[in-house]
Amino acid sequence: MHGRVTAYIGLGSNLEDPVAQIHQAVVALGQREGMELGPVSELYRSPPMGPQDQPDFVNAVARVVTALDPLALLDVLQAQEQAQARRRGRHWGPRTLDLDLLLYGNQVLDTERLTVPHPGLHLRAFVLYPLAELAPGVRIPGRGSLQELLAVCPREGVRRLREDTGSGTRPDA
Ligand code: ROI
């Protein structure tokens with residue numbers, strides 16, 4: 001449909017019941033004007049990137065089809081982060097909710113406020129593996145195909161929560 005773009009949102013949490021945080025964010029995004037929520041990946045548990053003295057993260061990726069322009073979409077994501085940000089972390093520290101605009105169609109944007117594709121996306125197992133569920137054939141503008149990126153991105157402990165036997169640290173322990 002004209003004027004509607006498929007975008008991918010990365011969700012992450014490692015504080016205050018991460019699974020509930022992710023679910024709450026998904027529900028809220030589905031209720032926003034100007035956005036249609038598509039499928040959401042499974043939830044994944046991932047060891048923290050950055051300082052290791054913090055809980056594991058729960059990560060997921062959601063697809064939306066939206067009439068919002070990229071900055072309006074970013075506003076929506078940041079408003080929801082604020083709504084759920086009961087605790088804020090230090091730089092690369094623990095956080096209640098992170099919502100990242102990963103991809104906005106095949107557009108490339110590099111402004112002070114927003115870089116799309118998300119600058120870390122192509123290197124992060126906790127983004128690439130959930131994204132692959134929803135969009136296995138997608139190309140990351142400027143970075144190549146998702147499959148090429150996955151081929152050189154070790155899982156680094158990223159695994160589906162539902163298949164997790166719980167031998168490691170609990171996300172909210
Ligand atoms: N590490 C993981 N595994 N998942 C995240 O979503 C995540 N987000 C962050 C930092 C703290 C950089 N590390 C992360 O913001």
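This is a short tour of a predicted model, from its ligand out to a few features of the chain.

**Stop 1: the ligand**

Select the ligand first. It sits in the largest pocket. Now show the residues around the ligand: S46, P47, P48, M49, F57, N59, W92, G93, R95, D98 and F126. Colour that shell by class. Six of its residues are nonpolar, three are polar and two are charged.

**Stop 2: polar contacts of the ligand**

Which backbone meets a nitrogen atom of the ligand? Select P47: one of its polar backbone atoms is 2.8 Å from that nitrogen.

Go next to N59. A polar side-chain atom of N59 lies 2.8 Å from an oxygen atom of the ligand.

Then pick R95. Here an N or O atom of the side chain is 3.3 Å from a ligand oxygen atom. Now turn on the protein surface. The ligand taken alone exposes 350 Å², and the protein buries 95% of that.

**Stop 3: W92**

Stay with the shell and select W92, one of the residues around the ligand. Where in the chain is W92? It lies in the loop between α2 and β5, the latter spanning 98-104. Check its backbone. Most residues other than glycine have a negative phi. W92 is not a glycine, yet its phi is positive, about 60°.

**Stop 4: a salt bridge**

Leave the ligand and select R113 and D75. Their side chains meet in a salt bridge, with N to O at 2.8 Å. The pair links distant parts of the chain, 38 residues apart. R113 is in the loop between β6 (109-110) and β7 (115-116), while D75 belongs to helix α2, residues 70-84. How many salt bridges does the model have? The count comes to seven.

**Stop 5: a cis peptide bond**

Finish at V116 and P117. Most peptide bonds are trans. The bond joining V116 and P117 is cis, with omega about -5°. P117 is found in the loop between β7 and α3 (125-134).

Note on methods
Residues numbered from 1 in each chain as written. Predicted model: local features only at pLDDT ≥ 70, side-chain atom pairs only at ≥ 80, totals over all residues. Heavy atoms only, no water. Near = heavy atom within 4 Å. Polar contact = N/O pair within 3.5 Å; in protein donor to acceptor, adjacent residues only side chain to side chain. Areas by Shrake-Rupley, 256 points an atom, 1.4 Å probe, with all protein chains shown as cover. 1 Å grid on protein atoms, 1.4 Å probe; cavity = no way out; pocket = protein on both sides within 12 Å on 5 of 7 lines; lining within 4 Å. Sits in = over half its atoms within 2 Å of the grid points. Nonpolar A, V, L, I, M, F, W, Y, C, P; charged D, E, K, R; others polar. Salt bridge = Lys/Arg side-chain N within 4 Å of Asp/Glu carboxyl O. Helix = DSSP H or I, 4+ residues; strand = E, 2+ residues; numbered from the N terminus.
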